[in-house]
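Colleague: I'd like to learn how to read a fold like this one, feature by feature. Could you walk me through it?

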Amino acid sequence: MENSVWKTGDTCFVITNKKKRRTAEYKVLSFDGRYYFLESRTGSRINASSSRMFRSKEAAAASLG
């Protein structure tokens with residue numbers, strides 16, 4: 001349920017570094033059928049699979065174990 005359908009404009013938290021347990025907040029721009037195109041508050045853009053995307057920072061951290 002955590003990685004449910006994401007819509008354009010949704011805010012998500014992405015695991016950016018598993019080893020250092022870092023997450024970052026992004027906004028969903030689009031979906032190409034496999035990856036989501038995301039943009040951070042600073043303007044950097046990435047592609048991410050839904051398995052790296054979470055509804056809250058706490059949920060992202062919890063997934064790291």
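Modeller: Sure. Start with how the elements get their names: strands are DSSP runs of E with at least two residues, helices are H or I runs of at least four, and both are numbered from the N terminus. Arginine 21, for one, falls in the loop between β1 and β2. Keep in mind throughout that this is a predicted model.

Colleague: Okay, then what is the order of the strands in the open sheet?

Modeller: The general idea is that strands of a sheet pair through backbone hydrogen bonds, either parallel or antiparallel. In this model, 5 strands form an open sheet in the order β4-β3-β2-β1-β5, and the pairing is antiparallel. β4 (45–48) and β5 (53–54) sit at the edges with a single partner strand each, so one side of each has no neighbour in the sheet.

Colleague: How many bridges join β1 to β2, and which residue stands opposite phenylalanine 13?

Modeller: β1 and β2 are joined by 6 bridges, and phenylalanine 13 faces glutamate 25 in β2. Moving along, β2 and β3 run antiparallel with 5 bridges between them. There you'll find valine 28 opposite leucine 38, and tyrosine 26 opposite serine 40. β3 and β4 add another antiparallel pair with 4 bridges, where phenylalanine 37 is across from asparagine 47.

Colleague: Now the turns. Which residue takes a positive phi in the hairpin of β1 and β2?

Modeller: First the background: most residues other than glycine have a negative phi. The one you're after is arginine 21, with a positive phi near 55° in a hairpin that has 4 residues between the strands. Arginine 21 isn't a glycine, yet its phi is positive. Its relative accessibility is 46%, so it counts as partly exposed.

Colleague: And which residues have a positive phi in the other two hairpins?

Modeller: Glycines. The β2 and β3 hairpin, with 4 residues between the strands, has glycine 33 at a positive phi near 105°. In the β3 and β4 hairpin, again with 4 residues between the strands, glycine 43 has a positive phi of about 100°.

Colleague: Let's go inside. Which residues make up the largest nonpolar core?

Modeller: The idea is to look for buried nonpolar residues joined through side-chain atoms within 4.5 Å. Here the largest such core has 9 residues: Trp6, Cys12, Val14, Tyr26, Val28, Tyr36, Leu38, Ala48 and Met53. β1 (11–17), β2 (22–31) and β3 (36–40) each contribute at least two of them. Two members we've already met, Val28 and Leu38, stand opposite each other in the β2 and β3 pair.

Colleague: Is β3 mostly covered or mostly open?

Modeller: Mostly covered: 4 of the 5 residues in β3 are buried. One charged residue to check is glutamate 39, which is buried with a relative accessible area of 19%; the cut-off for buried is under 20%.

Colleague: What does glutamate 39 meet in a salt bridge?

Modeller: Arginine 45, at 3.1 Å from N to O. For a salt bridge, you look for a side-chain nitrogen of Lys or Arg within 4 Å of a carboxyl oxygen of Asp or Glu. Arginine 45 is partly exposed at 49% relative accessibility. The structure has 3 salt bridges.

Colleague: Where do aspartate 10 and arginine 55 lie?

Modeller: They form a salt bridge, with the closest N and O atoms 3.6 Å apart. Aspartate 10 is in the segment before β1 and arginine 55 in the loop between β5 and α1 (57–63), so the pair ties together parts 45 residues apart in sequence. Both ends are partly exposed: aspartate 10 at 22% and arginine 55 at 34%.

Colleague: Why does the pair of glutamate 25 and arginine 41 tie together parts 16 residues apart in sequence?

Modeller: Their side chains meet in a salt bridge, 3.1 Å from N to O. Glutamate 25 belongs to strand β2 and arginine 41 to the loop between β3 and β4, so the contact links parts that are 16 residues apart in sequence. Glutamate 25 is partly exposed at 26%, whereas arginine 41 is exposed at 71%.

Definitions and conventions
Residues are numbered from 1 along each chain as its sequence is written. This is a predicted model: local features need pLDDT of at least 70, side-chain atom pairs count only at pLDDT 80 or more; totals for chains, interfaces and linings use all residues. Side-chain values use heavy atoms; hydrogens and water are left out. Buried means under 20% relative accessible area, exposed over 50%, partly exposed in between (1.4 Å probe, protein chains only). Two strands pair if DSSP finds at least two bridges between them.
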